[in-house]
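The exercises below are meant to be worked with the sequence and the coordinates open side by side. Try each task before reading the solution that follows.

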Amino acid sequence: MKSLLKYMGLGFLTSGTLAGVLLTIGIGPLIGAYVLSGSPTAMLLEALIPSSFFYWLVPDGGAPGAVGLLMISAFIQWGFIFTLLYYWRHRWSISPNE
């Protein structure tokens, strides 16, 4: 369990670093690919989180609220993807005799 938390930390740290680098550099297609890949996760979050939370987050709602939801969902999605990659990399690097 402790190693899984370590991989989750690494995965979400990598996801945040990737988002920060893409937003800092400003490469449009890559930012679009990062953010829009989180749209299925955004639909799930929209069903789970009440709409009052989004209006608390962005009082005007609308497009800024949708972008915030997409950014949060992309961060969560890529965090889990990188967590799985780190975990599988660790599992494959262990020899069968250990």
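Helices here (H or I, at least four residues) are DSSP runs, as are strands (E, at least two), and both are numbered from the N terminus. The model is predicted, so that local features need pLDDT of at least 70 and side-chain atom pairs count only at pLDDT 80 or more, while totals for chains, interfaces and linings use all residues. Residues are numbered from 1 along each chain as its sequence is written, and side-chain values use heavy atoms, with hydrogens and water left out.

**Exercise 1. Locate Gly11, decide whether it is buried or exposed, and list its contacts beyond the neighbours within four places in sequence.**

Step 1. Gly11 is found in helix H1.

Step 2. Buried means under 20% relative accessible area, exposed over 50%, and partly exposed in between, with a 1.4 Å probe and protein chains only. Because its relative accessible area is 0%, Gly11 is buried.

Step 3. Contact means heavy atoms within 4.5 Å. With neighbours within four places in sequence left aside, Gly11 touches Trp78, Gly79, Phe82, Thr83 and Tyr86.

Step 4. For a distance in space, take Leu48, which lies 37 residues from Gly11 along the chain: the two C-alpha atoms are separated by 23 Å.

**Exercise 2. Describe how H1 and H5 pack, giving the angle, the hand and the residues that meet.**

Step 1. Axes are lines fitted to C-alpha atoms, for helices over the stretch in contact, and angles run from 0 to 180 degrees between N-to-C directions. On this basis the axes of H1 and H5 are 7 Å apart, and the helices pack at an angle of about 130°.

Step 2. Angles under 35 degrees count as roughly parallel, over 145 as roughly antiparallel, 65 to 115 as roughly perpendicular and the rest as oblique. H1 and H5 are therefore oblique to each other.

Step 3. A crossing is left-handed if the near helix is turned anticlockwise from the far one by less than a right angle, and right-handed if clockwise; that of H1 and H5 is right-handed.

Step 4. Among the residues that meet are Gly11, Ser15 and Leu18 from H1, and Ala74, Phe75, Trp78 and Gly79 from H5. Ala, Val, Leu, Ile, Met, Phe, Trp, Tyr, Cys and Pro count as nonpolar, Asp, Glu, Lys and Arg as charged, and the others, Gly among them, as polar. The contact of H1 with H5 has 15 nonpolar, seven polar and no charged residues.

**Exercise 3. Work out how H3 and H5 cross, and place Thr41 in that contact.**

Step 1. The axes of H3 (residues 39–48) and H5 (residues 62–93) come within 8 Å of each other and cross at roughly 110°, so H3 is roughly perpendicular to H5.

Step 2. This crossing of H3 and H5 is right-handed, and by class the contact has six nonpolar, four polar and one charged residues.

Step 3. Thr41 lies in H3 and counts as buried because its relative accessibility is 18%. Beyond its neighbours within four places in sequence, Thr41 is in contact with Ser73 and Gln77.

Step 4. Thr41 and Leu69 are 28 residues apart along the chain, and their C-alpha atoms are separated by 9.4 Å.

**Exercise 4. Which five residues form the largest nonpolar core, and which residues does Leu22 contact?**

Step 1. A nonpolar core is a set of buried Ala, Val, Leu, Ile, Met, Phe, Trp, Tyr and Cys residues joined through side-chain atoms within 4.5 Å. The largest one consists of Ala19, Leu22, Tyr34, Val35 and Ala74, with helix H1 (2–25) and helix H2 (28–36) each supplying at least two residues.

Step 2. Leu22, in helix H1, is buried because its relative accessible area is 11%. Apart from neighbours within four places in sequence, Leu22 is in contact with Ile27, Leu30, Ile31 and Tyr34.

Step 3. Tyr34, treated likewise, contacts Ser15, Leu18, Ala19, Leu22, Ala74, Phe75 and Trp78.

Step 4. H1 and H2 pack at an angle of about 145°, with their axes 9 Å apart, and their crossing is left-handed.
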